[in-house]
Amino acid sequence: MQQRIYKTAVMVVHDLVATALAVILTFVFRFNGDLLAERLHALPLLLPPFMAFAGLVYARFKLYRTKWRFASLPDLAGIVRAASVLALTLLVLDYVLVSADLYGFYFFGKVAIVLYWVLQIFLLGGTRLAFRYLKYTRSRQSSARAATVPTLLLGRGGDIEILLRAIESGSVRKLSPKGILSPRAGEAGQMMRGVPVLGGFSDLEQVVANLAERGQPVRRLVATPSALTPEAEPDDLIARARRLGLPLARVVSLGEGMRDAELAPLEIEDLLLRPTVEIDRPRLERFLGGTRVVVTGGGGSIGSEICARALAFGASALLVVESSEPALHGVLSQPALANAEAEVTGVLADIRDRDRIQTVFAEFRPDYVFHAAALKQVPYLERDWTEGIKTNVLGSINVADATIAAKARALVMISTDKAIEPVSQLGVTKRFAEMYAQALDAEQTGSDAGLPTRLIAVRFGNVLGSVGSVVPVFKAQIARGGPVTVTHPEMVRYFMTVREAADLVLTAASHADREARALPASPEGADQRAAVYVLKMGQPVRIRDLAERMIRLAGFEPGEEIEIVTTGARPGERLNEILFAREEPRVTLDGIDGVMAAKPVFADRAVLDGWAERLRRAVSAGDRAEAEAVFEAAIPDFRDRASASAASAEASPPQPAATPA
């Protein structure tokens with residue numbers, strides 16, 4: 001943090017010196033003799049206020065948000081706008097306060113002001129571009145020395161050009177690009193930053209053979225996002241790479257322009273989804289920039305990604321709350337957190353411990369809390385029902401109360417599509433937690449005691465790559481030679497990537513935060529606010545179809561080389577997921593893609609507190625019947641699992657290999 005402040009201070013001093021130099025050089029170039037002496041004599045009176053004003057203008061046009069090594073056309077445009085404002089200010093002052101009509105002369109004059117404008121742009125922009133070129137030259141020389149892996153780059157020109165810049169800057173290391181393959185036939189034969197486009201994806205074998213003959217054997221393929229779109233036929237690309245025995249990696253970027261780019265192995269799940277929703281990055285930077293963020297369950301797959309994305313969008317401080325020591329160590333060791341310029345800390349704390357959570361939140365003073373801590377494996381919660389209530393219900397109540405006590409701006413509760421018309425302990429416990437958050441949100445927004453704390457829930461389905469996801473299970477079963485197990489041939493699920501889920505959670509939170517400031521703090525305002533957000537997950541995928549495609553991507557034929565076995569639905573499972581309850585009124589979110597919302601369906605806070613107390617007593621007594629009676633009273637849609645599943649709730653311990661979600 002101190003280093004960042006120091007670098008910003010250096011940039012500010014440079015720009016102020018450049019401003020003074022631009023004024024002095026304008027006088028020297030434009031005037032001479034007595035006219036020059038008179039103006040230089042007035043400099044001590046003129047320069048200090050003008051430099052102070054210039055500093056405010058530069059800050060207004062955000063000249064210090066970009067590192068000089070990444071200076072680009074948008075930064076130059078900001079410099080031009082800032083210099084234009086300063087020149088226009090001089091023009092107004094010269095012609096209104098020091099005009100020929102009042103004092104008989106112009107201090108600057110139109111020609112001098114135009115000259116100043118040119119000099120100011122040159123001194124501000126030229127230094128930045130020169131610094132960037134110096135860094136570029138050094139990085140290119142360094143990357144050329146460190147490049148040890150002859151590589152083919154795959155993708156369209158726009159993506160490839162950004163990747164090449166990342167390689168030159170050192171963001172992506174040890175790659176020596178020997179050629180480019182593009183899905184666009186019109187790009188063949190072109191050069192991109194000195195690297196030739198050698199053909200299309202169908203030419204892969206021939207291009208690899210030609211490079212080998214010239215003594216440049218390709219050892220790696222790197223795919224950009226445009227190489228993995230359906231129209232690029234990535235399935236065929238994977239098959240070709242496997243036949244050649246070449247490792248195929250994809251580019252993963254945490255920042256804009258691949259400044260924080262890294263390579264990751266191309267996994268089968270990268271090809272299983274529709275194109276992801278385009279995220280409004282400036283919106284999230286405005287929302288999270290300079291804020292203090294808490295993520296509970298930050299060591300999990302969703303929680304850790306929210307941590308990384310919050311930092312990528314400018315959070316100034318992050319607190320990871322985790323009950324598992326290995327999980328906490330793992331997430332804090334990730335490069336996105338370990339190398340962040342923001343203040344990143346972690347605490348061992350269990351959300352079931354009310355006093356501990358209250359203390360942690362009070363000391364950190366968060367602006368936003370993202371509550372991802374939960375137990376979420378359906379079969380385990382059907383058996384160990386008390387643990388689900390302790391964490392998903394009572395733990396969520398602790399987090400919600402601590403958020404309000406700490407006067408945070410918002411709590412975002414990560415929920416599930418299984419909370420609608422729930423048939424499982426996971427669904428019903430999450431639904432109860434949503435209801436509690438909505439009741440507190442109504443209390444906050446219905447009062448006039450200052451700016452309220454928003455409490456919202458975000459629902460989504462299965463996340464590829466998360467713990468318990470079906471895709472890793474299928475991959476392991478395929479690697480063993482089968483069989484691949486599905487619980488029901490007609491079972492369908494929604495799927496999305498961890499990155500997309502995290503970004504859309506942040507987008508939903510930004511909308512709720514904006515609502516808190518746009519709508520009145522009153523009961524009427526509470527009725528207008530969205531309380532539940534649902535991520536758009538595209539079309540649901542039939543699990544059996546997913547299994548068949550994964551088997552084919554692995555190079556086998558389903559049903560012949562690898563068998564698919566149906567094991568039967570398990571306790572708490574249903575065939576289709578539901579996004580909204582029937583009684584939840586939908587809300588239109590203008591200008592936000594990828595997110596839907598519904599208004600709250602309020603429950604009385606006193607009644608909820610009574611139900612929560614009954615749940616505590618039921619857990620202490622091990623009385624499952626009493627707990628289910630509470631859920632049936634609180635959630636009319638709660639279905640008896642005996643009618644929703646072929647197996648009883650007291651079934652034998654679950655087998656992870658058959659997990660469908």
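# Helix packing and nonpolar cores in a predicted model

Of the 661 residues in the protein chain, buried residues make up 50%. The structure is a predicted model, and its protein chain has 24 helices and 22 strands. Among the contacts in the protein chain with a separation of 6 or more, 77% are accounted for by residues that lie 24 or more positions apart.

One pair of helices can be described in some detail. Two packed helices are described by the angle between their axes and by the distance between those axes. Helix α14, made of residues 354-364, and helix α16, made of residues 385-405, pack at an angle of about 30°, and their axes are 9 Å apart. Angles under 35 degrees count as roughly parallel, and α14 and α16 are therefore roughly parallel to each other. The crossing in which α14 passes α16 is right-handed.

On the α14 side of this contact stand R354, I357, Q358 and F361, which meet I397, N398, V399, D401, A402, T403 and A405 in α16. The residues of this contact of α14 with α16 divide into 6 nonpolar, 3 polar and 2 charged.

In soluble globular proteins, nonpolar side chains tend to be buried together. The largest nonpolar core of this model has 48 residues, and those with the most contacts inside it are V321, F361, I389, F432 and L615. Several helices and strands each supply at least two residues of this core, including the ones in the table.

| Element | Residues |
|---|---|
| β9 | 317-322 |
| β12 | 410-416 |
| α17 | 425-445 |
| β13 | 454-460 |
| α22 | 605-621 |
| α23 | 624-634 |

Helices α14 and α16 also each supply at least two residues of the core, and the largest share, 9 residues, comes from α16. Which residues does I389 contact, leaving aside its neighbours within four places in sequence? I389 is in contact with L394, Q425, T429, L615, V619, A627 and F631. Apart from the largest core lies another core, of 43 residues, with I306, A310, L328 and A597 among them.

A last residue to look at is Y380, which lies in helix α15, residues 378-383. Is Y380 buried, partly exposed or exposed? Buried means under 20% relative accessible area and exposed means over 50%, so Y380, at 33% relative accessibility, counts as partly exposed. Y380 and Q425 are 45 residues apart in sequence, while in space they are 9.3 Å apart, C-alpha to C-alpha. Q425 is also one of the residues in contact with I389.

Definitions and conventions:
Residues are numbered from 1 along each chain as its sequence is written. This is a predicted model: local features need pLDDT of at least 70, side-chain atom pairs count only at pLDDT 80 or more; totals for chains, interfaces and linings use all residues. Side-chain values use heavy atoms; hydrogens and water are left out. Helices (H or I, at least four residues) and strands (E, at least two) are DSSP runs, numbered from the N terminus. Buried means under 20% relative accessible area, exposed over 50%, partly exposed in between (1.4 Å probe, protein chains only). Axes are lines fitted to C-alpha atoms, for helices over the stretch in contact, and angles run from 0 to 180 degrees between N-to-C directions. Angles under 35 degrees count as roughly parallel, over 145 as roughly antiparallel, 65 to 115 as roughly perpendicular and the rest as oblique. A crossing is left-handed if the near helix is turned anticlockwise from the far one by less than a right angle, and right-handed if clockwise. Contact means heavy atoms within 4.5 Å. Ala, Val, Leu, Ile, Met, Phe, Trp, Tyr, Cys and Pro count as nonpolar, Asp, Glu, Lys and Arg as charged, and the others, Gly among them, as polar. A nonpolar core is a set of buried Ala, Val, Leu, Ile, Met, Phe, Trp, Tyr and Cys residues joined through side-chain atoms within 4.5 Å.
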